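Colleague: I should like to learn how a structural model of this kind is read, feature by feature. Where would you begin?

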Amino acid sequence: MSIKKPHPEIYLTTAAKLGIIPDECLVVEDAVNGIEAAKAAGMKCLAVTNSFSRHELGKADWICDSLEDYPREALDW
């Protein structure tokens, strides 16, 4: 049985393999379940409005309409 989002395991495993602690990670997501998984893993999240509206992605730390227009503070925390 595979574990799927919003369970945080995919993000926690990836951070561990990279040798990065979760609170130093930034997840880029376009789905509600992905945002929930990132936040449950203790990570910051930048949401992109590809699949859902800004309102639906509201639990993310930052929201943008395109990665070309990402909020600069998303990389400065």
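**Reading the core and its surroundings**

Modeller: This is a predicted model. I would begin with the largest nonpolar core, which has 13 residues. Tyr11, Ile35 and Met43 have the most contacts inside this core.

Colleague: Which elements give two or more residues to this core?

Modeller: They are α1, α2 and β2. The largest share, three residues, comes from α2. Apart from this core lies another, of five residues, among them Leu46, Trp62, Cys64 and Ala74.

Colleague: How should one read the buried side of a helix, and which residues of α2 are buried?

Modeller: The general idea is that an α-helix has 3.6 residues a turn, so residues three or four places apart point the same way. In helix α2, residues 32-40, the buried residues are Gly34, Ile35, Ala37 and Ala38. They lie on the same side of α2 because they cover an arc of only 160° around the axis.

Colleague: Against which elements do the buried residues of α2 pack?

Modeller: Their partners are α1 (9-18), β1 (26-29) and β2 (44-48). Just after α2, Gly42 takes a positive phi of about 85°.

Colleague: Tyr11 was named earlier. Which residues is Tyr11 in contact with, leaving aside neighbours within four places in sequence?

Modeller: Tyr11 is in contact with Lys5, Val27, Glu29, Gly34, Ala37, Ala38, Ala41 and Met43. Glu29, one of these partners, is found in strand β1.

Colleague: Is Glu29 buried or exposed?

Modeller: The test is relative accessibility, and buried means under 20%. Glu29 has 7%, and therefore counts as buried. A polar atom of the Glu29 side chain lies 3.3 Å from the backbone nitrogen of Ala31. Not counting residues up to four places away in sequence, Glu29 touches Lys5, Tyr11, Gly34, Ile35, Cys45, Leu46, Ala47 and Val48.

Colleague: How, finally, does one read the protein as a whole?

Modeller: One may take the order of elements and then the overall dimensions. The protein has two helices and three strands, which run α-β-α-β-β from the N terminus on. A compact globule of 77 residues would have a radius of gyration near 11 Å, and the protein, with 12 Å, agrees with this. Its C-alpha atoms fill a box of roughly 30 × 30 × 15 Å along the principal axes.

Colleague: What percentage of the 77 residues count as buried?

Modeller: The figure is 29%. The accessible surface of the protein comes to about 5000 Å², and 53% of this belongs to carbon and sulfur atoms.

Key: Residues numbered from 1 in each chain as written. Predicted model: local features only at pLDDT ≥ 70, side-chain atom pairs only at ≥ 80, totals over all residues. Heavy atoms only, no water. Buried < 20%, exposed > 50% of the residue type's maximum accessible area, 1.4 Å probe, protein only. Helix = DSSP H or I, 4+ residues; strand = E, 2+ residues; numbered from the N terminus. Arc of directions from axis to C-beta. Contact = heavy atoms within 4.5 Å. Core = buried A, V, L, I, M, F, W, Y, C linked by side-chain atoms within 4.5 Å. Polar contact = N/O pair within 3.5 Å; in protein donor to acceptor, adjacent residues only side chain to side chain. Rg over C-alpha atoms; globule rule 2.2 N^0.38 Å. Areas by Shrake-Rupley, 256 points an atom, 1.4 Å probe, with all protein chains shown as cover.
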